[in-house]
Amino acid sequence: MNGFRFNLWQHPVGQGGFHTGSLVECGDSSSCQPVPGAPEFRWAYDCGSNQVDELNQEIKVVAGTEFDVLFLSHLDSDHVNRVDKLLANSGVKEVVLPHLDNVDWVLHLAAGINDGTISGTFVDLASDPAGWFGRRGVERLTYVETDRDDREGGPPQGPLAPIDHRKENL
């Protein structure tokens, strides 16, 4: 019976986030030896920290890795301030990030100016995200949109109520 091997590494970068992982099919679920020729799916999640030296060291650990996808949870500096270095040292096929409209980008730029974390690289990213990532070898950029506009002030959507399938079978 085939299984999968799932690996997840939380890199010790201090305040911030940098996680990597992989998933590969195993030929035997008891020993989980990868199936010969089976593709390994690799990802990174965020790439930022307030402790830049620690993050730079962890980027060296994964240098040369070909990531299938880089997920960016949000664009605060402690989650993205070394994305450029990661892209320079590792391949990334796809980047997934939150969809931001012009107001959101301006707010991120203003926050960076306010807290002293703004960089020319981030300004370049904000002005042309697709071009910025494309120039760094990223093949695909995917935006994730929310299902509601928080600025309209409507109540947040609560979790869906569970469905009791027993009632349907009566």
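Here are some notes on helix α1, its neighbouring strands, the salt bridges and the aromatic pairs in this predicted model.

1. **The buried side of α1.** Helix α1 spans residues 52-62, and its buried residues are L55, N56, E58, I59 and V62. Viewed down the helix axis, these buried residues fall within an arc of 165°, so they line one face of α1. It helps to recall that an α-helix has 3.6 residues a turn, so residues three or four places apart point the same way.

2. **The other side of α1, and its end.** Turn the helix round and you will find the exposed residues D53, K60 and V61 on the face directed away from the buried side. After α1 comes G64, and the phi of G64 is positive, near 90°.

3. **What α1 packs against.** The partners of the buried α1 residues are three strands and a helix: β2 (16-26), β3 (40-49), β4 (66-71) and α3 (83-89). Two of these strands, β3 and β4, also join α1 in a β-α-β unit, which is right-handed.

4. **Strand pairing around β4.** Which way do β3 and β4 pair? They run in the parallel sense, with 3 bridges between them. A44 has L70 of β4 as its bridge partner. β4 pairs with β5 as well, again in the parallel sense, over 5 bridges. Here V69 stands opposite E94 of β5, a residue worth remembering for point 7.

5. **Salt bridge R42 to E40.** The model holds 5 salt bridges; I will walk you through some of them. In general, side chains of opposite charge can pair when their charged atoms come close. The side chains of R42 and E40 meet at 3.1 Å, N to O. R42 is partly exposed, at 29% relative accessible area, and E40 is partly exposed too, at 26%.

6. **Salt bridge K93 to D68.** This pair meets at 3.4 Å, N to O. K93 sits in strand β5 (residues 91-98) and D68 in strand β4, so the bridge links distant parts of the chain, 25 residues apart. Are the two residues buried or exposed? K93 is partly exposed, with a relative accessible area of 40%. D68 has 17% relative accessibility and counts as buried, because the cut-off for buried is under 20%.

7. **Salt bridge E94 to R140.** E94 returns here: its side chain meets that of R140 in a salt bridge of 3.6 Å, N to O. E94 belongs to strand β5 and R140 to strand β6 (residues 140-144), so the pair ties together parts that are 46 residues apart in sequence. R140 is exposed, with a relative accessible area of 53%.

8. **Aromatic pairs.** How many aromatic pairs are there? The count comes to 4. In one of them, the ring centres of W132 and F133 lie 4.9 Å apart with the planes at 85°, so this pair is edge-to-face, the class for angles over 60 degrees. Both partners are buried: W132 has a relative accessible area of 3%, and F133 has a relative accessibility of 2%. Elsewhere in the model, ring pairs link F6, F41 and W43 into a cluster.

Technical notes: Residues are numbered from 1 along each chain as its sequence is written. This is a predicted model: local features need pLDDT of at least 70, side-chain atom pairs count only at pLDDT 80 or more; totals for chains, interfaces and linings use all residues. Side-chain values use heavy atoms; hydrogens and water are left out. Buried means under 20% relative accessible area, exposed over 50%, partly exposed in between (1.4 Å probe, protein chains only). Helices (H or I, at least four residues) and strands (E, at least two) are DSSP runs, numbered from the N terminus. The arc is that of the directions from the helix axis to the C-beta atoms. Contact means heavy atoms within 4.5 Å. A salt bridge is a side-chain nitrogen of Lys or Arg within 4 Å of a carboxyl oxygen of Asp or Glu. Two strands pair if DSSP finds at least two bridges between them. A crossover is right-handed if, with the strands pointing away from the viewer, the path from the first strand over the helix to the second runs clockwise. Rings of Phe, Tyr and Trp (its six-membered ring) pair if their centres lie within 6.5 Å; planes under 30 degrees apart count as stacked, over 60 as edge-to-face and the rest as tilted.
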